[in-house]
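The following exercises concern pockets and a ligand. Please study the sequence and the structure before reading each solution.

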Amino acid sequence: MGNTCSNHLGIPPAKGPNAVGCTDFMMDHTVKGTFFRIYYPCQETEKAERPDWVPCKEYFNGLADFMKINRTLSERIFNYLFGSFKIPAFLDAPFKSNEKCPVVIFSHGLGAFRTLYSAVCAELASQGFIVASVEHRDQSASATYYFREKTESERASETSASAQDNLVQEWMYYRSLKHGESEFPVRNKQVKQRADECILALDTLIKINSGIPVQNVLKTQFDWTTLENSMDMCRIAAVGHSFGGATVIEALCKEVKFKCGIALDAWMTPLDDELYHRVKQPIFFINSEKFQWAGNISRMRKLDSAVIQRKMITIRGTVHQSFPDFTFLTGNWIGKLMKLKGELDPELAIDLSNKATLAFLQRHLGLEKNFNRWDPLIDGQDENLIQGTNVTVLQSAI
Ligand SMILES: CCN(CC)CCN(C[C@]12C[C@](c3ccc(C(F)(F)F)cc3)(C1)C2)C(=O)Cn1c(SCc2ccc(F)cc2)nc(=O)c2c1C=CC2
């Protein structure tokens, strides 16, 4: 848990009936491969430990770049503030489920990376889902890494004794917009790559499910063959936060295997106008009260349909950062100061979002669970929810 003085802080444990395991997967040695963390229902084990929430310091460096603050100073601050937090899951715990698991592919926001949404992903896994939280290599992540083969000169230059396998770990950091560079072309190219990476992650899970051997370049203690025939490949959804919300819509458009999508405080700017009439699956927009604006909402309303279920709710007293894990990891006043927390208790906020998400997934994946008890949340029926949006959108803008 966090440092002693703030031991009430930490990412809330998942509420579902299953214990949650997590492990990492990286395919092949190129930046074009897929890299994701999976969260899954696991056997209760005492011996497995909880992994660090931020896997290595390069991520803090990347966060500093993203927030345009000095690296060395911020690395110490981040390490002090967040360095000791663990995520609510057991690293490499053995997979266990007595039924086929529905699948969720999760896409992070601008400047985030695969581990920062564990309160959402672990909750879904505790309710029986297998969740792959993708780490994007479109330079929208604060940091990410991949392996490449050593070049001749690299091999030649190293001392023969140290020559491990011939792989080099390469770090890729957040690419900020150049001065005067227009945003749309960059973000539109990124959202297309992000959707492809979500589809590649799904294809990898399909291979694993059908027993086709896939190579994980990361050395983990997890036995991937235990996932053979464990996933229900007719029940697949995409979920994402902010830029990841746009990625959900792009991915639904490209891949019909995604039966529905849930966009958490979606940022619609990166999407092509001609995409809106092409996407055919149900979509659920779960918005914060403070982040949205008329132009963004009117883009979401372009997806309104009389025949395909499109829903929107707004959670009162929430901010953009109410969805990633940071919202749980600072005290109240610093959290509000840094806009990591809204007025509503962060655990209540994410609980409402998760329950509404589960109800929507049950409805559109045809699950036989009891998530339908949270159906009223889909229509904003709760004191902390607004049906639709609090933002006033001019009728003409739709
Ligand atoms: C000047 C920087 N400028 C960059 C364009 C704007 C920076 N910014 C607001 C921030 C992220 C903030 C943040 C994080 C983390 C701490 C910490 F202290 F807790 F670490 C503090 C303060 C800084 C709140 C956003 O970009 C908001 N945002 C996000 S935030 C996703 C995220 C990123 C890093 C995380 F660690 C967790 C979550 N994802 C999106 O897809 C989109 C947007 C905006 C449009 C599309």
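**Exercise 1.** How many nonpolar, polar and charged residues does the lining of the second largest pocket have?

*Solution.* The model is a predicted one.
Step 1. The second largest pocket holds about 220 Å³ of space.
Step 2. It is lined by 16 residues, and Leu 9, Asn 332, Lys 341, Asp 345 and Pro 346 are the closest to its centre.
Step 3. Two elements, α8 (332–337) and α9 (346–365), give two or more residues to this lining.
Step 4. Sorted by class, the lining has four nonpolar, seven polar and five charged residues.

**Exercise 2.** Describe the largest pocket and its lining.

*Solution.* Step 1. About 800 Å³ of space lies in the largest pocket.
Step 2. Its lining comprises 36 residues; Phe 66, His 320, Gln 321, Lys 339 and Leu 340 are the closest to the centre.
Step 3. The elements α1 and α2 each give two or more residues to the lining.
Step 4. By class, this lining divides into 19 nonpolar, 10 polar and seven charged residues.

**Exercise 3.** In which pocket does the ligand sit, and which polar atoms of the protein lie within 3.5 Å of its oxygen atoms?

*Solution.* Step 1. The ligand occupies the largest pocket.
Step 2. The shell around the ligand draws two or more residues from each of α1 (57–66) and α2 (71–82).
Step 3. This shell has 16 nonpolar, five polar and one charged residues.
Step 4. A polar backbone atom of Leu 110 is 2.7 Å from an oxygen atom of the ligand.
Step 5. A polar side-chain atom of Ser 242 lies 2.9 Å from a ligand oxygen atom, and a backbone N or O atom of Phe 243 also lies 2.9 Å from an oxygen atom of the ligand.
Step 6. The protein covers 80% of the 840 Å² of accessible area that the ligand has on its own.

Key
Residues numbered from 1 in each chain as written. Predicted model: local features only at pLDDT ≥ 70, side-chain atom pairs only at ≥ 80, totals over all residues. Heavy atoms only, no water. Polar contact = N/O pair within 3.5 Å; in protein donor to acceptor, adjacent residues only side chain to side chain. Areas by Shrake-Rupley, 256 points an atom, 1.4 Å probe, with all protein chains shown as cover. 1 Å grid on protein atoms, 1.4 Å probe; cavity = no way out; pocket = protein on both sides within 12 Å on 5 of 7 lines; lining within 4 Å. Sits in = over half its atoms within 2 Å of the grid points. Helix = DSSP H or I, 4+ residues; strand = E, 2+ residues; numbered from the N terminus. Nonpolar A, V, L, I, M, F, W, Y, C, P; charged D, E, K, R; others polar. Points joined across faces, edges and corners; volume = space filled by probe spheres on them.
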